[in-house]
Amino acid sequence: MRKQGLIGARWRAAALAGALTALAGCSGPAPAAKTEAPPAAATAQPTALSISAATFGCIRDMTPVGRFYVGSLTGQLDAAVAVAQSKDGGVFPAGSIVQLVPGEVMVKREAGFNAQTKDWEFFELDVAPTGTTIRKRGHVDVVNRFGGNCLTCHEKAEAKFDMICSTDHGCDPIPLTDDMIRALQKTDPRCPTAVELTKAEKEALEFIRAATPPADDAAKATGSPS
Ligand code: HEC
């Protein structure tokens, strides 16, 4: 139903920000205009952020912070960027989107979504010029196309960094060079404009393409061999 990419979603989210701020602000100053206040345990169903394939778009439409990109579905981009940039870490506001490569996303969900993932939802996407397809989403059991569990790696980040690994937050490093990361970001097929690749980035891309299993291989690999 939602046809806008991230930018559209962001603008529309700004309009909804009033409502969502109340939701996101559980740990902030008490929202004055709370309409209902059900007993905490009675309604384990906080107003959920609506996230579909259409929520995601060209990675480069988001805001670059270091190697990765940050966005917000709740009009709290400045706060999300501030946490991402902080040497002291911090907790991302609900609705924050973080991406390093086009096919993997972390979205900070509403409080109570999942304690183990610190309320992050992990997504594994297929991206194409026609848009995004969600291959997998969830919390503790999302595995990327290389067989790695998102949480297993990301939970090694120092607690103050809210599961963000970056290059120096305590996670085991992944074998992606700067050229590989930039090449993947520059060639996100959902982006309307093409960006020139350096020679090194072109080579990096070739290397990644050779090493990446096609979209349906993971399913085949777990099926019975014939
Ligand atoms: C093998 C460990 C590993 C697995 C598995 C893994 N990641 Fe990461 N991820 C990392 C590391 C390390 C970085 C930082 C890379 C860098 O900047 O060099 C990272 C970076 C990211 C970032 C950018 C923010 C940050 O933490 O630096 C996002 C978003 C992300 N990963 C999402 C995912 C999602 C979603 C999955 C599962 C579908 C996933 N990752 C699986 C290790 C992993």
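Entry 1, helix pair. In this predicted model I looked up how helix α4 (residues 178-186) lies against helix α5 (residues 199-211), and I found that their axes come within 8 Å and cross at roughly 85°. Because angles of 65 to 115 degrees count as roughly perpendicular, I noted α4 as roughly perpendicular to α5. I then listed the residues that meet: Asp179, Met180, Arg182, Ala183, Leu184 and Lys186 on the α4 side, and Ala200, Glu201, Ala204, Leu205 and Ile208 on the α5 side. Sorting this contact by class, I recorded 7 nonpolar and 4 charged residues, with no polar ones.

Entry 2, glycine 90. Where does glycine 90 lie? I placed glycine 90 in the loop between α2 (77-85) and β3 (96-99). I asked next whether glycine 90 is buried, exposed or partly exposed, and I entered it as partly exposed because 16 other C-beta atoms lie within 10 Å. Leaving aside residues up to four places away in sequence, I found that glycine 90 touches Val83 and Asp162. I also checked phenylalanine 161, which is 71 residues apart from glycine 90 along the chain, and noted that the two C-alpha atoms are separated by 5.9 Å.

Entry 3, ligand shell. I looked up the 26 residues around the ligand, and wrote down Leu100, Gly148, Cys150, Cys153 and Cys165 as those that come nearest. The elements that give two or more residues to this shell are β3, β4 (104-108), β5 (120-128) and α3 (150-154). By class, I recorded 16 nonpolar, 7 polar and 3 charged residues in the shell around the ligand.

Technical notes
Residues numbered from 1 in each chain as written. Predicted model: local features only at pLDDT ≥ 70, side-chain atom pairs only at ≥ 80, totals over all residues. Axes fitted to C-alpha atoms, helices over the stretch in contact; angles between N-to-C directions. Helix = DSSP H or I, 4+ residues; strand = E, 2+ residues; numbered from the N terminus. Parallel < 35°, antiparallel > 145°, perpendicular 65-115°, else oblique. Contact = placed C-beta atoms within 7 Å. Nonpolar A, V, L, I, M, F, W, Y, C, P; charged D, E, K, R; others polar. Buried ≥ 20, exposed ≤ 12 C-beta atoms within 10 Å, placed from the backbone. Near = placed C-beta within 6 Å.
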